[in-house]
Amino acid sequence: MWFTAGMALVAAAVVVAGWQVAARSAVDGVRIVYDARPTACEGAKVSLDPPSPSDSFTGENGFAWDEDFYSPVIEVVPGMTCVLRLHVVNDGWSDVEVHSILLPGMDESSNSLVRPTFVNPNGQTRLADTEDGAVFAIEGMPVPAGTRQSFAVILEMNEEDADAFSPCTGSMPRSPEATVSALGVERTVPSPVDAGIWYYAGSRDCD
């Protein structure tokens with residue numbers, strides 16, 4: 001009897017462990033990517049940093065060594081509306097759900113040139129800020145295995161904090177993160193480390 005009960009407990013433990021491994025592999029298959037034009041603005045200029053390839057970094061093959069490290073630059077001005085687009089890609093074997101989009105450095109307690117107003121689709125509800133970010137609820141949007149779901153973060157100038165930035169200064173907060181879940185396991189997916197976007201106070205022509 002004791003032997004049978006023990007075997008049942010071992011079998012249950014194996015099932016639970018297998019479930020956890022399967023769930024973890026499902027959420028680990030999710031990543032965030034950006035396309036060639038992740039930002040678009042009405043009423044503001046979007047450029048690149050650096051603005052053009054540098055001859056001093058050109059290799060023998062004629063290609064600039066730094067060509068893969070360009071970052072979009074938004075010249076933040078009053079009245080602008082910008083869209084930051086990201087794609088949650090599910091390369092895993094199971095469907096996942098997106099529960100929230102986190103925007104680091106854009107919480108109410110941080111000085112920021114821009115403020116997010118909502119996230120399309122489904123992110124109309126702003127949750128309580130975390131210690132370092134604004135959070136928008138996505139209400140469990142499914143992303144089937146082998147597909148992707150695009151999100152657009154709507155940004156406006158944060159006029160309350162604009163005075164903290166002098167002309168020709170700016171910041172590059174960490175890029176958005178997505179919270180996803182599968183089979184009861186949740187994971188926060190970061191953006192690629194080289195996916196930063198500069199937010200610049202007014203024009204970059206400061207000479």
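Modeller: A polar contact is a pair of N or O atoms within 3.5 Å; within protein, one must be able to donate a hydrogen and the other to accept it, and residues adjacent in sequence count only if both atoms are side-chain atoms. This is a predicted model, in which local features need pLDDT of at least 70, side-chain atom pairs count only at pLDDT 80 or more, and totals for chains, interfaces and linings use all residues. Residues are numbered from 1 along each chain as its sequence is written, and side-chain values use heavy atoms, without hydrogens and water.

Biologist: What makes the approach of the Asn90 side chain to Gly92 a polar contact?

Modeller: The side chain of Asn90 reaches the backbone nitrogen of Gly92 at 2.9 Å, and the cut-off is 3.5 Å. A polar atom of the Asn90 side chain also lies 2.9 Å from the backbone oxygen of Ser94.

Biologist: Why is Asn90 called buried?

Modeller: Buried means under 20% relative accessible area, exposed over 50%, and partly exposed in between (1.4 Å probe, protein chains only). Asn90 has a relative accessible area of 1%, so Asn90 is buried.

Biologist: Which residues does Asn90 contact, leaving aside its neighbours within four places in sequence?

Modeller: Contact means heavy atoms within 4.5 Å. The partners of Asn90 include Ala26, Val30, Val96 and Pro144.

Biologist: How do you know that S8 and S9 pair?

Modeller: Two strands pair if DSSP finds at least two bridges between them. S8 and S9 run antiparallel and are joined by 2 bridges, so they meet that definition. Thr125 stands opposite Ala137 in S9.

Key. Helices (H or I, at least four residues) and strands (E, at least two) are DSSP runs, numbered from the N terminus.
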